Amino acid sequence: MCGIVGYIGDRDAFPILIKGLHRLEYRGYDSAGVGLIHADKTLSIYKAKGKVSALEQSVENKDTTGTIGIAHTRWATHGEPNETNAHPHFSQSGNLALVHNGIIENYKNIRETLQKYGRVFRSETDTEVLVQLIEYVQETQKCDLFAATQQALKTVIGAYAIAILDKNNPDQIIAARKASPLVIGVNKTENGRTEYFIGSDASPIIEYTNQIIYLQDEEIAVMNRKGKLKITNLDNVKQTPQQQTLQMSLDELEKGGYPHFMLKEIFEQPDAIRTCIRGRLDIVDQDVLLSGILDHKEKFLNARRIIICACGTSWHASLIGKYFIEEAAQIPVEVEYASEFRYRNPVIFPDDVVIAVSQSGETADTLAAIQLAKSKGAFLYGICNVIGSSIARATDSGTYLHVGPEIGVASTKAFTGQVITLSLLGLAIAREKKSLSDEMFHMLVNELQVIPDKMQWTLEHNKDLASFAQMFTYAKNFIYLGRGYNYPVALEGALKLKEISYIHAEGYPAAEMKHGPIALIDEEMPVVVIAPKRGMYEKIVSNIQEIKSRKGRIIAIVTEGDTIVKELADKCFVIPDTRDCFVPLLAVIPMQLLSYHIAIAKGRNVDQPRNLAKSVTVE
């Protein structure tokens, strides 16, 4: 959600900023802008509604020179998506330019106060309020920009990641963050000088350096041309930055010959899962090795219960994790929408374990939920994909997915990575508790080991999905049905279709169809049914017959060799046989492909669906 890029050094800034904005497009946005200080110390801002390509077109024949600049992709919160509300925003004098991710909650009060002092606002945004406030403090307190920014940020309530330019000091950029991610890239050039890059995440930076610093909450940084970096907190206490080496390559951020990131990431799942389990499944000694569990096993062995907080796709993965952990480890598990959990007054005990699940590790609601749990003394465990993310730093322990960067907004490989990781967690706890027989434990470990091969088989045996999907461009509604472990997969399949094709879809436990949704069934209603031979197969067959008798169109996901459902369904997609607890890892793949191909047939932008952001870092 929104994206910030910044640069100061000896290179031309504009190409770096534009390329960085393109790398951040996956986050979701509706306008883009860039601010540059030129050699003559003038400050220019160029903005455009729509895509970064529209911004590039708008600056043709304009001065884009300069070796210092900031840029932004905006996802509208305050004020409609248009050029005026796009970032960067000028201060009243035109001396300052600022980009901002997050929400300033008390912006109305600040705006009204500043208007009384003669400040004139051009936009509807909370961001312009912040840059006007910084300049007001700078002018009234006769202080430098760094001190003015510190004082202004003490006044605001809310979340922010910001970068600021001052044309009167063209040799520095100031950046700060609170509850919204911001990273600084550091690179030593061949001539021995230091250049700095700023990004909402590492994707705009990795082409130039793998040395990064994660700004912490309420830290403010100033970078200058002489290679000096100073970081303090808002009380001006000097902070010692921890420079880290980024474990990511530029190749991982490219499409690799696929037409879309989403399709690439669907097909990456077998290798991604192999990486996820590598070093964690010990087939020789028949063991599961999760250091996050082993180092804190008493917390899990003595846990009253486990509470999992997540949003969206991560919530669906967490629900599968609940089923597995309860069955394997015999610990009660609750799965909470983080967006609801944080605003309740939940009962949390010191002997609870609270697990935060988030692909990005930056989801605002999930972060707030674990901060609430921490205040009540619970043990916090994080499951996320991005190394060094806010959730990884805020939790007591955790596990990284290691499935590689996920660029497509609709999550695919992160979902299967989360399901695998939660399964490993359940097995690790079960091993310590001895709640599974050795025979069952070994069977599950061995089956997990071959899941990547079975995912590869599933991808290779569902190649006709593209042509089949053409039939459903007419549909306005879908129903997805599953039972047991496959009910959350039905929810996830429906979500994928909604996200990228804009077709309304609902997921239900199959047995609940008779309690209302069956009234919707007719010849115009496609119904996707997850019907493996494992689990409650006969009951699923009965549900399918009920749909068939009402002329519903049935798309079934079945186990290889199935004949009963094949005769009833309009179309079947096959998966290999596996344990019922691991069926979701295979069944979700045809549903991901079905959503993808329907969306492509409808001409949708599958990597950047409308109104959606990859990481929801504001409420």
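**Group meeting: cysteines, a helix pair and one glutamate**

Okay, let's start with Cys572, which counts as buried at 19% relative accessibility. It only just gets that label, since the cut-off for buried is under 20%. Keep in mind that this is a predicted model.

Staying with cysteines, how many disulfides does the count come to? The count comes to 0. Take Cys311: it's in no disulfide, and the nearest cysteine sulfur, the one on Cys309, is 8.6 Å away. A disulfide would need the two sulfur atoms within 2.5 Å, so that pair doesn't qualify. As for exposure, Cys311 is partly exposed, with a relative accessible area of 23%.

Right, on to the helices. Have a look at helix 7, residues 269-277, and helix 14, residues 413-433. Their axes come within 10 Å and cross at roughly 30°. Because angles under 35 degrees count as roughly parallel, we call helix 7 roughly parallel to helix 14. The crossing is right-handed.

So which residues of helix 7 and helix 14 make the contact? From helix 7 you've got Gln269, Ala272, Ile273, Cys276 and Ile277. Helix 14 brings Lys413, Thr416, Gly417, Ile420, Thr421 and Leu424. Sorted by class, that contact has 6 nonpolar, 4 polar and 1 charged residues.

Last stop, Glu340. You'll find Glu340 in helix 11, residues 338-341. Is Glu340 buried or exposed? Glu340 is exposed, at 51% relative accessible area, and the cut-off there is over 50%. If you want a distance to check in your viewer, Glu340 and Ile164 are 34 Å apart, C-alpha to C-alpha, with their positions 176 residues apart in sequence.

Methods:
Residues are numbered from 1 along each chain as its sequence is written. This is a predicted model: local features need pLDDT of at least 70, side-chain atom pairs count only at pLDDT 80 or more; totals for chains, interfaces and linings use all residues. Side-chain values use heavy atoms; hydrogens and water are left out. Axes are lines fitted to C-alpha atoms, for helices over the stretch in contact, and angles run from 0 to 180 degrees between N-to-C directions. Helices (H or I, at least four residues) and strands (E, at least two) are DSSP runs, numbered from the N terminus. Angles under 35 degrees count as roughly parallel, over 145 as roughly antiparallel, 65 to 115 as roughly perpendicular and the rest as oblique. A crossing is left-handed if the near helix is turned anticlockwise from the far one by less than a right angle, and right-handed if clockwise. Contact means heavy atoms within 4.5 Å. Ala, Val, Leu, Ile, Met, Phe, Trp, Tyr, Cys and Pro count as nonpolar, Asp, Glu, Lys and Arg as charged, and the others, Gly among them, as polar. Buried means under 20% relative accessible area, exposed over 50%, partly exposed in between (1.4 Å probe, protein chains only).
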